[in-house]
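This note sets out several points for a colleague who is meeting the structure for the first time. It may be read alongside the sequence and the model.

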Amino acid sequence: HRDLHSFPTRRSSDLIGFSMGAMAVQRLAEHEPGVVGALLVAGGGRYGAEFGDDGRWRGGIPLALHRMIDDEWVDAEPAPRLVAEAARAGSDVSDY
């Protein structure tokens, strides 16, 4: 078991996060140099300071975001904000 503070930065890693785990993967992708790509499924997005969301997507880190359109359990605005931010940073972005 590893926590966010013991991430193995000596290796390159693509990470996958599902639901609440997507927020953890997003945070790692924004802050840990060992992360070289992120797949966020049914979660993740730019939520703002009320969720401690102070990161910025690092340019060049690919982002794939998979979500259900009109999902009643997910706020519709945060995901497109993250997609736009990652694209502006020069990352390869896929939004499904």
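Which residues line the largest cavity? The points below answer this and then turn to the pocket, the sheet, its helices and one residue of a helix.

1. The model is a predicted one, and the values that follow should be read as computed from it. The lining of the largest cavity consists of Ala42, Gly43, Gly44, Leu65, His66, Arg67, Val74 and Ala79. In terms of class, 4 of these residues are nonpolar, 3 polar and 1 charged. The volume of this cavity is about 40 Å³, and the count of cavities of 30 Å³ or more comes to 1.

2. The largest pocket has a volume of about 180 Å³. Its lining is made up of Phe18, Ser19, Met20, Met23, Ala42, Gly43, Gly44, Tyr47, Trp73, Val74 and Asp75. By class, that lining comprises 7 nonpolar, 3 polar and 1 charged residues. Ala42, Gly43, Gly44 and Val74 appear both in the lining of this pocket and in that of the largest cavity.

3. The sheet is open and is formed by 4 strands, in the order β1-β2-β3-β4, with parallel pairing. Its edge strands are β1, residues 13-18, and β4, residues 93-95, each of which pairs on one side only. From one strand to the next, the twist averages 10°.

4. Strand β3 covers residues 63-66 and runs parallel to β4, to which 3 bridges join it. Across this pairing, Leu65 stands opposite Asp95 in β4. Leu65 is also one of the residues that line the largest cavity.

5. Two helices that pack on the sheet deserve attention. Helix α1, residues 20-31, touches β1 and β2, the latter spanning residues 35-41. The direction of α1 makes about 150° with that of β1. Helix α2, residues 78-88, touches β2, β3 and β4, and its direction makes about 165° with that of β3.

6. Is Glu85 buried or exposed? This residue lies in helix α2. Glu85 has a relative accessible area of 11% and is therefore classed as buried, since the limit for that class is under 20%. When neighbours within four places in sequence are left aside, Glu85 is in contact with Arg46, Gly55, Arg56 and Trp57.

Note on methods: Residues are numbered from 1 along each chain as its sequence is written. This is a predicted model: local features need pLDDT of at least 70, side-chain atom pairs count only at pLDDT 80 or more; totals for chains, interfaces and linings use all residues. Side-chain values use heavy atoms; hydrogens and water are left out. Two strands pair if DSSP finds at least two bridges between them. Helices (H or I, at least four residues) and strands (E, at least two) are DSSP runs, numbered from the N terminus. Axes are lines fitted to C-alpha atoms, for helices over the stretch in contact, and angles run from 0 to 180 degrees between N-to-C directions. Contact means heavy atoms within 4.5 Å. On a 1 Å grid over the protein atoms alone, a cavity is a set of points where a 1.4 Å probe fits but cannot get out, and a pocket is an open set with protein on both sides within 12 Å along at least five of seven lines; lining residues have an atom within 4 Å of a point. Grid points are joined across faces, edges and corners, and a volume is the space filled by probe spheres set on the points. Ala, Val, Leu, Ile, Met, Phe, Trp, Tyr, Cys and Pro count as nonpolar, Asp, Glu, Lys and Arg as charged, and the others, Gly among them, as polar. Buried means under 20% relative accessible area, exposed over 50%, partly exposed in between (1.4 Å probe, protein chains only).
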